[in-house]
Amino acid sequence: MPLQTILTDMLGIEHPIIQGGMQYVGYAEMASAVSNAGGLGILTALTQATPEDLRKEIRRCRTMTNMPFGVNLTILPSLIPADYDGYAKVIAEEKVALCEIAGGSPAKYVPIMHANGVTKVLHKSATLRHALKAEKSGVDLIEIVGYEASIAGGQPGDEIGLWVALTLALEKIKRVPIVASGASATGRQLAAAIAMGACGITMATRFLATREAQKSTTIVLSKLSNSTRVFKNTVSKRIREIEFDPQNDDGLSFDQVALLANGKRTKKMWQETGDYDDAMWACAQSVGLIHDIPSCQQLIERIVCDAEEQLDLANKSVFYRRRSKL
């Protein structure tokens, strides 16, 4: 039975689950599998070398699903020099169901997307201050990301988990529906998010362990004010050793870890070697909740079924007593 919320109505999907954008994973195969399973699949714009390559991938995805899907555009110009305006133009022209904007402000792109027929714009907000700015910019959805997620670009003082971050956002933001994001992988978490007032969840790491996707975690690059949660392996341990070497107490430059943190190394891991120990790759604490490798269809159906069961159990566990009249 579909679990209907504002999110499913807004996007025309069956289940309130969005697949998060994932560099070098968010291809048409993954996005179409999630959308065909009733969630909202997401292509990752910067996985494509150029805006026109993204256009081709969007059109390829349309040959694999007739269900709505979206595109993630992560704006990190200091780390990833790219033609962001060009990617945004393609997303708008191709009229995808949703554009998920992360990293930077959505203000510049919201009018472009809406004017060209992109149904909805979602901003991935790592803090309440970012969420409030996104609300003012006119976004249609706000994704609140807890620190337990596969964060990137975290600043000192932003270390707030989803349990608190979501509560704060729901208290302050009233006009824009909120999606919960942060190490979500189970029906219990979907039920909890909905019970708190969110309209759905975003999952990324959990979709890595599905048949269509072709792992504990640690934080790296915090001394560069770019905290990123990654899989704990040989490479990430070495990065932390360099970061916290007493010789670097007076300052650390990215050049000292560049060879280890290089995105090309991660791309090679995903697409060529499959050696999860030889690259820095982002993932959330939800790795501790992953015990199998189902298909996207099986995963989403199980999560929704479990969420419905948990919401029903929660309702039955509450006892309402009449107050005696004195």
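**Figure 1. Buried and exposed residues of helix α6 in the predicted model.** In α6 (residues 128-137), the buried residues are Ala131, Ala134, Glu135 and Ser137. Viewed along the axis of α6, these residues fall within an arc of 160°, so they line one face of the helix. Their packing partners are α5 (110-116), β5 (120-125) and β6; β6 spans residues 141-145. Lys133 and Lys136 are exposed and sit on the face of α6 turned away from the buried side. Gly138, just after α6, has a positive phi of about 95°.

**Figure 2. Buried face of helix α7.** Helix α7 covers residues 162-172, and its buried residues are Leu162, Ala165, Leu166, Ala169 and Leu170. Seen down the helix axis, they fall within an arc of 130°, so they line one face of α7. An α-helix has 3.6 residues a turn, so residues three or four places apart point the same way. The cover over the buried residues of α7 includes two helices, α6 and α8 (187-196), and two strands, β6 and β7 (178-181).

**Figure 3. Trp163 and the exposed side of α7.** The face of α7 turned away from the buried side carries Trp163 and Lys172, both exposed. Trp163, in helix α7, has a relative accessible area of 65%. Exposed here means over 50%, so Trp163 is placed in that class. From Trp163 to Ala192 there are 29 residues in sequence, and their C-alpha atoms are 9.7 Å apart in space.

**Figure 4. Packing of α8 on helix α13.** The axes of α8 and α13 (residues 296-317) are 7 Å apart, and the two helices pack at an angle of about 55°. At that angle α8 is oblique to α13. The crossing is right-handed. From α8, the contact takes in Gly187, Arg188, Leu190, Ala191 and Ala195; from α13, Ile303, Val304, Asp306, Ala307, Gln310 and Leu311. Sorted by class, this contact has seven nonpolar, two polar and two charged residues.

**Figure 5. Packing of helix α3 on α4.** Helix α3 consists of residues 51-62, and α4 of residues 84-94. Their axes come within 8 Å and cross at roughly 30°. Angles under 35 degrees count as roughly parallel, and α3 and α4 are therefore roughly parallel to each other. The crossing of α3 past α4 is right-handed. On the α3 side of the contact are Pro51, Glu52, Leu54, Arg55, Ile58, Arg59 and Arg62, and on the α4 side are Gly86, Tyr87, Val90, Ile91, Glu93 and Glu94. The contact has six nonpolar, one polar and six charged residues.

**Figure 6. Packing of helix α2 on α3.** Helix α2 (residues 28-36) packs on α3 at an angle of about 40°, with 9 Å between the axes. The two helices are therefore oblique to each other, and their crossing is right-handed. Ala28, Glu29, Ala31 and Ser32 of α2 meet Glu57, Arg60 and Cys61 of α3. By class, the residues of this contact divide into three nonpolar, one polar and three charged.

**Figure 7. Lys95, a loop residue with a positive phi.** Most residues other than glycine have a negative phi. Lys95 is not a glycine, yet its phi is positive, at about 55°. The residue lies in the loop between α4 and β4 (98-102). Lys95 counts as partly exposed, with a relative accessibility of 48%.

**Figure 8. Ala183, a buried loop residue with a positive phi.** Ala183 has a positive phi of about 60° although it is not a glycine. The loop that holds Ala183 runs between β7 and α8. Ala183 is buried, at 11% relative accessible area. Both elements that flank this loop, β7 and α8, are among those that cover the buried residues of α7.

Note on methods. Residues are numbered from 1 along each chain as its sequence is written. This is a predicted model: local features need pLDDT of at least 70, side-chain atom pairs count only at pLDDT 80 or more; totals for chains, interfaces and linings use all residues. Side-chain values use heavy atoms; hydrogens and water are left out. Buried means under 20% relative accessible area, exposed over 50%, partly exposed in between (1.4 Å probe, protein chains only). Helices (H or I, at least four residues) and strands (E, at least two) are DSSP runs, numbered from the N terminus. The arc is that of the directions from the helix axis to the C-beta atoms. Contact means heavy atoms within 4.5 Å. Axes are lines fitted to C-alpha atoms, for helices over the stretch in contact, and angles run from 0 to 180 degrees between N-to-C directions. Angles under 35 degrees count as roughly parallel, over 145 as roughly antiparallel, 65 to 115 as roughly perpendicular and the rest as oblique. A crossing is left-handed if the near helix is turned anticlockwise from the far one by less than a right angle, and right-handed if clockwise. Ala, Val, Leu, Ile, Met, Phe, Trp, Tyr, Cys and Pro count as nonpolar, Asp, Glu, Lys and Arg as charged, and the others, Gly among them, as polar.
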